[in-house]
Amino acid sequence: MKKLVILGAGTAGTLMLNKLRGILDKSEWNITIVDMYETHYYQPGFLFIPFGIYNKKDVIKPKRDFFPNGVDVVMSQISKIEADKNRVLLENGSVLPYDYLIIATGTKINPEETEGLKGKLWHKEVFDFYTIEGALALANYFKYWEGGDMVLNIAEMPIKCPVAPLEFVFLADWYFTERGIRDKVNIHFVTPLSGAFTKPRASSVLGDFLEKKNINLIPDFSIAKVDNENKKIISWDEKEVNFDVLVSIPTNMGDEVIARSGLGDELNFVPTDKETLMAEGYDNIFVIGDATNLPSSKAGSVAHFESEILTENFLDVIDGRKPRAKFDGHANCFIESGFGKGVLIDFNYTTEPLPGKFPLPGIGPFSLLEETKMNHYGKIMFRWMYWNQLLKGLELPIESHMTMAGKRV
Amino acid sequence: MATVEILGKQIEVDSDGCLVNLSDWNKEVAVEIAKSEGIELTEKHWQVIEFMRKVYEETGDAPSIRKLTKQSGVDTKELYSLFPGGPAKKAAKIAGLSKPKSCV
């Protein structure tokens, strides 16, 4: 029996498990998936929790509901990947030898990386919304908040879902308007980037949104520390921003097991070939999703597009061939812009988000880089698609490679 | 594509003002780019610039601030005083590289 081990049963790991179990012969291939938690979180839903749109039960399901038959599931922390010995050591003491390994250990927030961020105000007046605990604590805080300075700060790039901070301030504008206290709330968007977003045309469009919604953009701000006593954030070059409530997107890093195994860069992301998705320097290790160091967005849509490329390349490699499929960095993101509307962006390594129409058989077209109700419905519909199709590794009506059809250059 | 005149020579730059052709770079050009950013290059600056070029040669990408802090021997606070307003971006520009790809 040949052995495939998948590390991580989040979005990327689960969908690879489903795809490959469906393809690989059960009499020839043993597949094991390892994760330390039983609960699967629908992470795009965390954004809606602080504003009372979703609650906890809207974003959780048991991971095991999404595992196919005929696989070994191991619930344990991973101690170390010994890539030179083709095996994985688990904290429960067992050793998993493999012929092929897929690393899907994701990324998580590390508030400890910024001085004072996880201080005495943590989850009291300083929050994150990238964890279920942070999102729920913030929901509870906002419910009773009467106004003041709300500061959203991105600690450093790259982060998971780079549009989420923008969506957060757009939704906050809507939420405080609905609550009738928008005139008492100042919203500040404080970012290390030079504008609203990373890509020039989208940055300009989304920057205009910030202005239109009376959200104060403070660019080029690299946070050095949080002053819990005086409630302000201070940058390395000593700029200061006062807050009554701070919503932080802390430094994102790959899992510590990557560092322990000597497989990561300075942020514990695994150096990965941007086209083949193989770990650099190894011919039997693939990497997918947020765990890679690829210059693409860390997002579920990206993991989905990567999964189709990875599947093709996996089949080539186990046949003793060179991997032929090439990932193009395709990302596709619905951006909630508040008041029941949304914006859609679609881009890859070389083509930045452009305006135009996005064709989607049977449902679309959606408008690109433009605010519409239809785009909002797209985002809401996506949750159903995520649980029922994406995680199960089923085909989605959208190509893994980006298409120029409908885009205006 | 825009060009700027540096030391009497027309040199191609991108929209961020970074050199398009790595081969246009040399130490004299670096001094001029630094001047246009209001920076007088000292030995410490060169330590950072040389580290950046070394990383670029090895990996094909300019290092992020985090990598600079961890590996160049210059801490974050000092990086900001050497290259006010954005060490990774400014040092990359002076080193003749385009800004780090870490932002996506």
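## Exercises on a predicted model

A:Lys231 sits in the loop of chain A that runs between strand E15 (223-227) and strand E16 (232-235). The structure is a predicted model, and the exercises below start from this loop.

**Exercise 1.** Determine what the sign of phi is at A:Lys231, and find which other loop residue, A:Asn86, can be set beside it.

*Solution.* Begin with the general expectation, which is that most residues other than glycine have a negative phi. A:Lys231 is not a glycine, yet its phi is positive, at about 50°. Turn next to A:Asn86, which is likewise not a glycine and has a positive phi of about 55°. A:Asn86 belongs to the loop between strand E6 (78-82) and strand E7 (87-90) of chain A, and with a relative accessibility of 29% it counts as partly exposed.

**Exercise 2.** Describe the loop between E12 and H3 of chain A by way of A:Pro158 and A:Lys160.

*Solution.* Take A:Pro158 to start with, which is placed in this loop; the peptide bond leading to A:Pro158 from A:Met157 is cis, with omega near 0°. As a general matter, most peptide bonds are trans. Then move to A:Lys160, which lies between strand E12 (148-154) and helix H3 (164-178). Is A:Lys160 buried or exposed? Its relative accessible area is 13%, and buried means under 20%, so A:Lys160 is buried. Finally, look for its partners beyond the neighbours within four places in sequence: A:Lys160 is in contact with A:Gln43, A:Thr107, A:Tyr130, A:Asn252, A:Asp290 and A:Lys298.

**Exercise 3.** Work out how far helix H1 of chain A reaches and how many of its residues are buried.

*Solution.* Helix H1 covers residues 11-23, and its 13 residues reach 19 Å from the first C-alpha to the last, which is close to the 18 Å expected at 1.5 Å a residue. Eleven of these 13 residues are buried, so H1(A) is largely enclosed by the rest of the structure. Among the buried ones are A:Leu15, A:Met16 and A:Leu17. The elements that the buried residues of H1(A) pack against include strand E1 (2-7), helix H6 (300-318) and helix H7 (373-390) of chain A.

**Exercise 4.** Decide how the radius of gyration of chain A stands against the globule rule.

*Solution.* Note beforehand that the secondary structure of chain A comes to seven helices and 24 strands. The radius of gyration is 21 Å, close to the 22 Å that the globule rule gives for 409 residues, and therefore chain A is as compact as a globular protein of that length. In chain A, buried residues make up 59% of the 409 residues.

Note on methods: Residues numbered from 1 in each chain as written. Chains lettered and ligands numbered in written order. Predicted model: local features only at pLDDT ≥ 70, side-chain atom pairs only at ≥ 80, totals over all residues. Heavy atoms only, no water. Helix = DSSP H or I, 4+ residues; strand = E, 2+ residues; numbered from the N terminus. Rg over C-alpha atoms; globule rule 2.2 N^0.38 Å. Buried < 20%, exposed > 50% of the residue type's maximum accessible area, 1.4 Å probe, protein only. Expected span 1.5 Å × (residues − 1). Contact = heavy atoms within 4.5 Å.
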